[in-house]
Amino acid sequence: MTAQPHKIYSEEEYLEMEREAEYKSEYYRGEIFAMAGAGFNHNRITENLSGEFFICLKGKSCNGYSSDLRIHIPENGLYTYPDFLIICGKNEFLDDKKDTILNPVVIIEVLSPSTSGYDRGEKFHFYRSIPSLKEYGIVDSQSVSAEVWRKNEENVWYLASEAYDINGFIRFQTVDVSLKMTEIYADTEDLVPVV
């Protein structure tokens with residue numbers, strides 16, 4: 001038996017298909033990866049983040065966007081859909097379609113069992129290539145656990161804020177917002193205690 005040839009797509013082919021697709025996919029180095037649907041807690045947390053940031057950013061030059069806004073990282077070629085992102089100032093789009101952003105200052109991923117390793121590892125590594133990115137938040141959907149990683153003036157990333165109990169909070173210094181864990185995890189179900 002011979003292996004079937006693996007189709008490699010150009011960025012233009014990906015964007016053309018993605019703009020017509022009924023589901024979202026990531027693109028990296030010629031390969032297209034279908035994105036899995038999210039569970040109840042994942043969706044609840046994403047909506048909670050969206051609501052809290054909407055209130056906190058009102059009247060500022062920053063805006064938050066949920067998971068339907070695609071980003072592109074030219075340095076490594078990744079196209080993906082973060083769970084939540086914030087852009088401050090003028091939006092920088094890939095092209096005149098205005099559906100792919102280039103300049104997020106904050107990205108937040110809500111961890112699911114199937115994406116946790118990728119979101120904490122390789123995807124975070126990819127995100128660090130975004131020149132405008134200042135903070136990366138990680139919120140677990142299975143237990144009360146959140147972290148904010150921040151880039152300093154020497155472009156070194158460090159753990160800047162973390163919370164592992166429902167009475168804690170995390171801080172996004174770039175946009176001057178602190179979020180209570182009670183608000184992030186409001187109306188979630190069956191959370192596992194952090195050991």
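**Figure 1. Helices and strands of the whole chain.** In this predicted model, the protein chain is built from 5 helices and 13 strands. Its radius of gyration is 17 Å, close to the 16 Å that the globule rule gives for 195 residues, so the chain is as compact as a globular protein of that length. Along the principal axes, the C-alpha atoms fill a box of roughly 55 × 40 × 35 Å. If we look at contacts with a separation of 6 or more, 52% of them join residues that are 24 or more positions apart.

**Figure 2. Surface and charge of the protein chain.** Here we turn to the outside of the model. The accessible surface comes to about 10,800 Å², and carbon and sulfur atoms hold 50% of it. Of the 195 residues, 42% count as buried. The side chains include 19 positive and 33 negative ones, and the centres of these two sets lie 5 Å apart.

**Figure 3. The largest nonpolar core.** This view goes inside, to a core of 24 residues. The residues with the most contacts within this core are Phe53, Ile86, Phe172, Val175 and Ile184. At least two core residues come from each of the following elements: helix H2 (40–57), strand S6 (84–88), strand S8 (106–111), strand S10 (146–151), strand S12 (169–172), strand S13 (177–180) and helix H5 (181–184). H2 gives the largest share, with 4 residues. Apart from this core lies another one, of 18 residues, which has Leu78, Leu111, Ile130 and Trp157 among its members.

**Figure 4. Val175 and the residues it touches.** Val175 belongs to the group with the most contacts inside the largest nonpolar core, so it is worth a picture of its own. Setting aside residues up to four places away in sequence, Val175 touches Phe53, Leu57, Lys60, Cys62, Ile86, Cys88 and Val106. Two of these partners, Phe53 and Ile86, are also listed with Val175 among the residues with the most contacts in the core.

**Figure 5. Arg150, a buried arginine in strand S10.** Follow strand S10 and you will find Arg150. Its relative accessible area is 9%, under the 20% cut-off, so Arg150 counts as buried. Beyond the residues up to four places away in sequence, Arg150 touches Lys134, Glu135, Val156, Trp157, Tyr158, Ala160, Arg171, Phe172 and Gln173. Among these partners, Phe172 also appears in the largest nonpolar core, while Trp157 belongs to the core of 18 residues. A handy distance for this view is the one from Arg150 to Thr174: the two are 24 residues apart in sequence, and their C-alpha atoms are 8.7 Å apart in space.

**Figure 6. Asn91 and Ile101, a loop residue and a strand residue in contact.** Asn91 sits in the loop between S6 and S7, whereas Ile101 lies in strand S7 itself. The two are 10 residues apart in sequence, with a C-alpha to C-alpha distance of 7.0 Å. Asn91 is partly exposed, at 27% relative accessibility, but Ile101 is buried, at 0%. Not counting neighbours within four places in sequence, Asn91 is in contact with Tyr65, Ile101 and Asn103. On the same basis, the contacts of Ile101 are with Leu69, Arg70, Ile71, His72, Leu85, Ile87, Asn91, Glu92 and Phe93. Ile71 also serves as a distance marker for Asn91: these two residues are 20 apart along the chain, and 11 Å separates their C-alpha atoms.

**Figure 7. Lys98 and Asp187, two residues with positive phi.** Most residues other than glycine have a negative phi. Lys98 is not a glycine, yet its phi is positive, at about 55 degrees. You can find Lys98 in the loop between S6 and strand S7 (100–101). Its relative accessible area of 57% is over the 50% cut-off, so Lys98 counts as exposed. Asp187 also has a positive phi, near 65 degrees. Asp187 is placed in the segment after H5, and with a relative accessible area of 61% this residue is exposed too.

Definitions and conventions:
Residues are numbered from 1 along each chain as its sequence is written. This is a predicted model: local features need pLDDT of at least 70, side-chain atom pairs count only at pLDDT 80 or more; totals for chains, interfaces and linings use all residues. Side-chain values use heavy atoms; hydrogens and water are left out. The radius of gyration is taken over C-alpha atoms; the globule rule is 2.2 Å times the number of residues to the power 0.38. Buried means under 20% relative accessible area, exposed over 50%, partly exposed in between (1.4 Å probe, protein chains only). Contact means heavy atoms within 4.5 Å. Accessible areas come from the Shrake-Rupley method with a 1.4 Å probe; for residues, only the protein chains shown count as cover. Lys and Arg count as positive and Asp and Glu as negative; His and the chain ends are not counted. The place of a charge is taken as NZ of Lys, CZ of Arg, CG of Asp or CD of Glu. A nonpolar core is a set of buried Ala, Val, Leu, Ile, Met, Phe, Trp, Tyr and Cys residues joined through side-chain atoms within 4.5 Å.
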